[in-house]
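Thanks for sharing this one. Here are some friendly notes to read alongside the model.

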Amino acid sequence: MPTIIALDVSLSMSRPIPNQTTGTGGPGSSGSENVLTYHQLAIQGVNYILDYLSKHARLEFVSLIIYSSLYEVLVDFTRDYDTIRQALHKIEHYDKTSLENVLVAVNNAFKTHWGSQNYCQIIFITDCGVGMGPSSLKNTIINIQTYKAACVAAAATAAAAAADGSSKVATIGSAGSGAVVPQPSENQWVGFSYPSKLSFMCLGSLATDSAFRCGTKLYQQLLDVSGQKGQLFIPRMKMKHESSESAGDEASPNVGDDGEDGLRQLTRASSLEAFETMCDTNYRQFEATLRCGGYFRLEDPITVWPAPLPYTARDLLGAETTKLMSRRLEVCGFLRMADIGSPMSVSRHLVLPRSITTSSGGGSSEQAEGGKGATANGGLKNGHGHSSAEERLEADIKAFYAKSDAGEHHAHDDHHGLDGADVNKESVCVLLHGALKVENMAALVLLGDNWYGFIYSYADGKKKWNLMLNVLPPGNDVVPWLGDLRYLGTLEDAFPGENPSFPIKADKRSYSQTIVVWIRQASLQSDIQKVLRHAKKLPEKTQHFYKELNRIRRAALSLGFVELLEGLANIFEREISTLPLSASPDCSMQLTHAAMELRKTNNRDLKSIIHALPTQYNQLG
C-alpha cells in the first residue's frame, strides 16, 4: 500500500505561527531563531509519519513531492526513509499554491509505478492555501462540477435515446462516444483513477485565522464534489491557560467564540497530535488469529499486511453489500498448488507472526502465543483461561524432556525449566510455512461467512520466503475448476470406484491453441515477417500465405486494430516493387489481390475469408 506525501512549499508556509510562545518570553517575543513557522511544523509532521511507518509498517513504499504553482518529485517510491529525511533539509520555498497541478501529477506518478489496481495513501501537508487566478482551488471545484453535470446530462440523453429507440444509440460506442462520455482535459483533475484515500493535514487555527477557515471549507468541498474518499485533519486548538485550569473547560476543538480568538493558538504539540490521529486512522494494523485444526496449540496471533480493505459487491439490481474480513482465520484443508492454478483474487497480503508480551505477578515478561501465557505453577492456559488435562499433560512431557536434555546438574531447576523451554517460542506460521513449502501445497482458509482464501509459501526476487494470503472474491463457487469449496473432502471420502484424480481434465479443450498474442512489438513483427516469407515463395506457398493472412486479419479485427489491415496492404504494395527478376509473376498478382481485399469494407467481417486469386501459375482455377 504505497504512500505519497505532498508537501506545500508556497510562500505562505514560511510564515511564523501567530501568537506563539517562544522560549525567551511570551507571545510576540523577538528572536528569529525561536520563531516556529508552518514549514517547520510540516517538516516535523513528515518526520513523525516516517517514524510511525518505521515502527508499524516498515514495508511501506513512500514518495515525497513538493508543490507550489509547479511540483517536483524529490524522492521516488522507496523504503529507505533516511533518504526522505535528508531531502527535507534541501527544500526551498516558491510562489503561490496550485493544488490541481499536483493532484494531476500524483495521479500520473502512481499509475506509472503501480497501475490502477493498487491502493494508495495520499497525504497533503498544507496551510490550506487556495491559490488565485485560473489555478485557484475555487476554480478547480467549479470545473469538477461542470464535468460532473456534463456526464449526468450525457447519460440522461443516452437513456432517453435508448427509450425512444433512436438509431443513434447504435453509434454511441463508436464515433459518437466522445459526445456521450466527456473526457477531462490533460491538466484537469476530476478524481483519482485508482482506489485511494486523500488526507489533508491542515496546519492552522480555525479560531484566529479567517483565511484558514475559508480554505478548510473549500478543501472539504473538493472532497465532496469529486467523490474522493478522504478526510481533513485539523489540529485541536487549546487555550493558553487550559493546562493550568481544571479539566472542565469544554471549549470546541475547532471553532471558538470571537472573544476567545486571541486565547487559542497552534502549537507543536497540537499539530503532532493531528499527525498521530492521522497515522492511527490510516495505518492501523490488522491483527487476527490463525487457527489450524482443533488442537489448542495450533493457534497463533498474526498480522495481515497490508490491512485488507472492505469488499463491496453490487448485485444485478444495483444494491451494494460490504463484507469485512474476520479477525479469526480458520484453516479448512490443504490443496496442491497444481490443482489450484491461478484463480481470480481480490488482493494479496503477507501473513506475519505477532508477538504478545505480558507481565506476570513477579514482574517477569513472557511471550504468549494466541493470548495464552505460562502460569505460575508451570501449567498452560487454554483460550478460555482454564488449565485442561490435555494442556497439563503436554506441559509435563515438555518439562520431562527439557530436564533430560539439560543434564543431571540441572535437575534441581525443574520448576524453572518449563519457563525457559521453547514452549513460548513456537509459531504456527513457521510450522505452516515450512510444511507448505516442502509439500508444494496451499492451505484453504475461511476468512468470513462464505468467504475463502489461500495461504501459500511465496518467494520474492531476493529469494526471501514469506507466507502469503491470496484473498478470493466472496462466495463458495469462485474457482470454477474446484467446484463448491464447501464440499471439498479428502481421498478417504471418495466412493468406491470413484476417480480420485483432481481436478477433472476435459478431453477436448474449449479454446483454440493457435492464439495470436501481440503483447510485445516483436510478436506482431514476427507474424508479418512470416507472411512476407510465404509471399516471396509463391506460388508454392499460396495456401500457407492466405492461411497466415486470414489469421492476422481475424486477430486484428477482434482487437479493433483496423489500422493494421491498411498497413499490411501498404507493405504488400512496397514488396511488389522490390521483387527480384527471378520471382514468379504470380507473386505480384497475389500481393496486389491481397492488398485490394484488405482495403475492402465488406471484408471487415470476422466470418469472411480472403481466398487466393486463381491464375495459370497456381492452377487454382
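**Notes on rings and sheet**

1. F77 has 14% relative accessibility, so this residue counts as buried. Please keep in mind that the model is a predicted one.

2. Twelve aromatic pairs are present in the structure. In one of them, the ring centres of F77 and W114 are 5.8 Å apart with planes at 85°, so the pair is edge-to-face. Since F77 belongs to strand β3 and W114 to helix α3 (residues 99-114), the pair ties together parts 37 residues apart in sequence. W114, at 27% relative accessibility, counts as partly exposed.

3. Now to another pair. F124 and F200 have ring centres 5.4 Å apart and planes at 45°, so this pair is tilted. F124 lies in strand β4 and F200 in strand β5, 76 residues apart. F124 is buried at 0% relative accessible area, and F200 also counts as buried at 0%.

4. Ring pairs also join F61, F77, F110, W114, W189, F192 and Y194 into a cluster.

5. How is the open sheet ordered? Its six strands run β3-β2-β1-β4-β5-β6, with mixed pairing. β3 (71-78) and β6 (230-233) are at the edges with a single partner strand each, so one side of each has no neighbour in the sheet. From one strand to the next, the twist averages 15°.

6. Within the sheet, β1 (residues 3-8) pairs with β2 (residues 62-67) in the parallel sense over six bridges, and L7 stands opposite I66 in β2. Helix α7 (residues 268-282) packs on the sheet, touching β4, β5 and β6.

7. Lastly, two arginines: the charged end of R327 sits over the ring of F286, 4.2 Å from its centre, while R348 lies over the face of Y458, 5.4 Å from the ring centre.

Key:
Residues are numbered from 1 along each chain as its sequence is written. This is a predicted model: local features need pLDDT of at least 70, side-chain atom pairs count only at pLDDT 80 or more; totals for chains, interfaces and linings use all residues. Side-chain values use heavy atoms; hydrogens and water are left out. Two strands pair if DSSP finds at least two bridges between them. Helices (H or I, at least four residues) and strands (E, at least two) are DSSP runs, numbered from the N terminus. Axes are lines fitted to C-alpha atoms, for helices over the stretch in contact, and angles run from 0 to 180 degrees between N-to-C directions. Contact means heavy atoms within 4.5 Å. Rings of Phe, Tyr and Trp (its six-membered ring) pair if their centres lie within 6.5 Å; planes under 30 degrees apart count as stacked, over 60 as edge-to-face and the rest as tilted. Buried means under 20% relative accessible area, exposed over 50%, partly exposed in between (1.4 Å probe, protein chains only). A charge sits over a ring if NZ of Lys or CZ of Arg is within 6 Å of the ring centre and within 35 degrees of the ring normal.
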